[in-house]
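Visitor: I would like to learn how the descriptive words used for a protein model are justified. Could you take me through the reasoning behind them?

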Amino acid sequence: MEEVVLFLLSFIFIFIVYQLLIVSPAKKNREGKFKGKKKDKNPIEVKYLMIKYKLDLDKVNYNQLLQIVALVSSFDIALIGSLIMLVEDFFLSVVIGIIAIVVLIIVTYHLVYLFYKKKGMIKK
C-alpha cells in the first residue's frame with residue numbers, strides 16, 4: 001500500500017513539474033510568445049513521435065498532444081522510480097532502471113502512436 005501511495009504522489013508531483021517546465025513553455029513557443037527564440041521548438045518527446053512514427057503536427061491538436069506526452073512521461077518516471085525503490089542493491093537497481101526505462105519508453109510511446117494512428121493523424 002505504501003508503494004502505491006508513493007507512486008501516486010510522485011506521479012502527481014512529476015506531472016505538475018512537467019506542466020510547468022515543459023508543457024507551458026512549449027505552448028508559448030508554439031503561439032510565438034517568446035520573441036527572439038525559434039518559434040517551432042518542440043519537446044523531445046514530440047520530436048521522437050514526429051521522427052519515428054511520422055506524426056503529422058498539422059492534423060494533431062497540439063495542446064492535447066502535450067497533455068498526453070506529459071501524462072505518459074510522468075507515468076514512466078513515476079513507475080521507474082517506484083521499481084527502483086523496491087530493489088535493495090544499488091547496482092541492481094541501476095541496471096533494472098536503465099533496462100526498464102528503455103523498454104517502458106518504447107512501449108508507452110508506441111501506444112501513443114497507435115492512438116494517433118487510429119485517429120488518422122500519421123503521415124503516410
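Visitor: Why is Val95 called partly exposed?

Guide: In this predicted model, Val95 has a relative accessible area of 31%. Buried would require a value under 20% and exposed a value over 50%, so Val95, at 31%, falls in between and is called partly exposed.

Visitor: Where is Val95 placed, and which nonpolar patch does it help to form?

Guide: Val95 has its place in helix H4, which covers residues 90-118. Together with Phe91, Ile99, Val103, Val107, Leu111 and Leu114, Val95 forms a nonpolar patch on the surface, and these residues have about 640 Å² of accessible area together.

Visitor: What makes Ile98 exposed?

Guide: The relative accessible area of Ile98 is 53%, and since the word exposed is kept for values over 50%, Ile98 earns that name. Ile98 also lies in helix H4, and its C-alpha atom is separated by 9.0 Å from that of Ile80, although the two residues are 18 residues apart along the chain.

Visitor: Is Lys54 to be called buried, exposed or partly exposed, and how do you know?

Guide: Lys54 has a relative accessible area of 45%, which is neither under 20% nor over 50%, and therefore Lys54 is partly exposed. Lys54 is found in the loop between H2 and H3, and it has a positive phi of about 55° although it is not a glycine.

Visitor: How do you know that the span of helix H1 agrees with what is expected?

Guide: Helix H1 runs over residues 2-31 and has 30 residues. The expected span is 1.5 Å times one less than the number of residues, so H1 should span 44 Å, and because its end C-alpha atoms are 42 Å apart, the two values are taken to agree. H1 does have a kink of about 40°, centred on Gln19.

Visitor: Which residues of H1 are buried, and what covers them?

Guide: The buried residues of H1 are Phe7, Ile14, Tyr18, Gln19, Val23, Ala26 and Asn29. Their cover includes helix H2 (44-53) and helix H3 (62-86).

Visitor: What pattern does the protein chain follow, and how many of its residues are buried as a percentage?

Guide: The protein chain has four helices and zero strands, and read along the sequence it follows the pattern α-α-α-α. Of the 124 residues in the protein chain, 34% are buried.

Methods: Residues numbered from 1 in each chain as written. Predicted model: local features only at pLDDT ≥ 70, side-chain atom pairs only at ≥ 80, totals over all residues. Heavy atoms only, no water. Patch = residues over 30% accessible without salt bridge, like charges linked within 9 Å, V, L, I, M, F, W, Y side chains within 5 Å. Areas by Shrake-Rupley, 256 points an atom, 1.4 Å probe, with all protein chains shown as cover. Salt bridge = Lys/Arg side-chain N within 4 Å of Asp/Glu carboxyl O. Helix = DSSP H or I, 4+ residues; strand = E, 2+ residues; numbered from the N terminus. Buried < 20%, exposed > 50% of the residue type's maximum accessible area, 1.4 Å probe, protein only. Bend = angle between axes of the 7 residues up to and from the residue. Contact = heavy atoms within 4.5 Å.
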